[in-house]
Amino acid sequence: MKRSTVILVGLAVATMGACGGTPPPPPPAPVNQDSIDAERVRLDSIRRAEEARGDSIRRAEEARRDSVRRAEEAARREAERLRNVIAERVYFDFDKSEIRAGDAEILDHKLAILRANSQLRIRIAGHADERGSDEYNLALGNRRANAAKHYLVSRGIDASRVETVSFGEERPAASGSTEEAWAQNRRDEFEITAGGDGLTAPSGE
Amino acid sequence: MRVLAVCLVVLACATLAGAQDTTGVEGGVRVGIAYRPGTLPAVVVLPARADASAFRSVIARDLDYSDLFEMIALPGYDATDMFGSPADSVSAPSVALNYALYRAFGAEFAVQFTGSGAAPVMVLHRVSTGDLLRAFPLDTAAMARGDRFYAHRLADDIIRLTVRATGIASTQLAYIRSGEVRVVDWDGEGDRWLTRTGGQALSPEWSPDGRRIVFSAQEDGPWRLFEFDLSRGATPRLVFGTGTGLNFAPAYSPDGSELVFSRGTNGTSQVFAVNLRDNCCLRRLTVGEFADNLNPTFSPDGSRIAFVSTRVGVPQVYVMSSEGSDQRLFAPFDFGVTGASHAPTWSPDGQWLAFHRAVGGRFQVFVMDVRSEQVRQLTSTGVNTDPTWAPDSRHIAFRSTRTGTGQMWIMDIDTGRIRQVTRRGGVRLPAWSPNLPAAMTSVP
């Protein structure tokens, strides 16, 4: 647009130059309407070409950003999924610390992620329902946390990567004194303590 | 004779109400407390002048709560001129007592408040023989500032001089509410915070000299043991060797130099000991790859430790030497029938072991005679847990839900008489102090 303005001004100057100084202005030269139209067409095409070029750069840029965004989103979702797999709780029978048969699969998924991410460290917190004594429940929570740790360590995870704590009955997940609440509270919780950014999915998943 | 004295209210009614655990039989459980009314010496606590009446009330209540006397209550003692007014006369304070009159009411002992305005005296009489046992000049400053422990200590003196027993009036109980350690006087007064950790505290225990309290606490996962020095009021001190991992349920050795506690190992919890005097020498007393061993409690002679073990699956009470050897079952149980047993605690005289055990899915407080290893159930109403012994080895405090909320209660195991100590719920893990030295009980 700027360039076409300059050209128009140049044309005007050239036209005025042809008029001379003092003598009365000669009758205006007949305007060559065709050449003006041609120039206009030429300038338009330049402008359109410029615009098209700008648009394509913008589109390319947007496309690039989109793809980055999509990739990041996908990675974020994947990391989130992996973190959720790590965080999935396991539950226990009353006064028991054995991993239930159905819960071994939950631990197997964590195991695969721990194997694929050697920087990843976790903390397992064992919890109890309110029915044992306050102090016994600390011991029970300790056994439950260590049952899950033992499962992972006995399958090749370095013991130093898995920390355990017991909260006994001090941090119930569900309140109330019903069998339903108790079942919710007899659990291990899993928390990432280090290396949780940029988790890699285990191969084969 | 006592009953016939119509103006006297022997607290038999209260006693019967309190003994509900002896009569309330739930779920086919038989309870073995024998209450024998009428065998206790009766005491009358005479009226005091106005400025000593609160002081007198504390002493009268202490004698009542000791469960060592039958209290002869005076009917609205302001109007009891028939007994003779308290001697306000400055010129001739009298300690004379109409022994014949009180003998007629069945009193064995009488506590009299007399003396001049500036020099009040509490006089202890043996009515039955007409003897003046002791005159206590009273500390007016202590009375004026409402020093309840001054009164509690005098009550314990009365108990020693009359029935030659250990009084427990100058004691407190530590317990947990809202994750913090609190203390309350044995009569329910003076309930207050001891810690303000903002974290989570459990399992307070008093040192044998009453100067320290140990407890376990966690803020971010690890359970550490801390010792609180009551005489210094300092911040709690971390117990050697307990900075990481799971350390809980501590108990002092009888001389206070050692602490035994439960410690999480790689998979189970085991009993450990640590030397408090030299801050050293963490040692392990139990082993077990598949069983927890926890909740240790020393015998008062220091030779044995009772503890809970899951070696047969269900937690039960075992005993071993203080070095960890000679482990065996302590509180008998029927395999597959008897419920889980927890929280053993040895009485200061060595004769009893109290603990709680599941009966029909609810915990009840039990006591075992250490010599015969006979077990009897003390409670049956509500859920009753975590017993702790008074220094007299006759009273226990425990947590009970019998009113619907978790409160601290005290029971006289001889008579089954019980009373409620706290009025706000959420009480956990009470721990009874020894008789406290004066320095520990100054008004906070």
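## Two odd backbone angles and two cores

At 63% relative accessibility, B:Asp326 counts as exposed in this predicted model, because the cut-off for exposed is over 50%. This aspartate lies in the loop between strand S20 (316–321) and strand S21 (328–329) of chain B. Its backbone is worth a look too: B:Asp326 isn't a glycine, yet its phi is positive, about 55°. Most residues other than glycine have a negative phi.

Where does B:Ser203 sit? That serine is in strand S10 of chain B, and it also has a positive phi of about 55° without being a glycine. B:Ser203 counts as buried because its relative accessibility is 3%, and the cut-off for buried is under 20%.

Here are the two residues side by side:

| Residue | Phi | Relative accessibility |
|---|---|---|
| B:Ser203 | about 55° | 3%, buried |
| B:Asp326 | about 55° | 63%, exposed |

Now for the cores. The largest nonpolar core has 27 residues, and B:Val181, B:Trp206, B:Ile213, B:Phe215 and B:Phe248 are the ones with the most contacts inside it. Both chains chip in: the elements that each supply at least two residues include helix H4 (134–153) of chain A, plus strand S10 (200–206) and strand S14 (247–252) of chain B. H4(A) gives the largest share, 4 residues.

Take B:Phe248 as a way in. Leaving out residues up to four places away in sequence, it touches A:Glu135, A:Leu138 and A:Ala139 on chain A, and its chain B contacts include B:Leu225, B:Phe261 and B:Leu294. There's also a second, separate core of 26 residues, with B:Val58, B:Phe109, B:Val111 and B:Ile158 among them.

Technical notes. Residues numbered from 1 in each chain as written. Chains lettered and ligands numbered in written order. Predicted model: local features only at pLDDT ≥ 70, side-chain atom pairs only at ≥ 80, totals over all residues. Heavy atoms only, no water. Core = buried A, V, L, I, M, F, W, Y, C linked by side-chain atoms within 4.5 Å. Buried < 20%, exposed > 50% of the residue type's maximum accessible area, 1.4 Å probe, protein only. Contact = heavy atoms within 4.5 Å.
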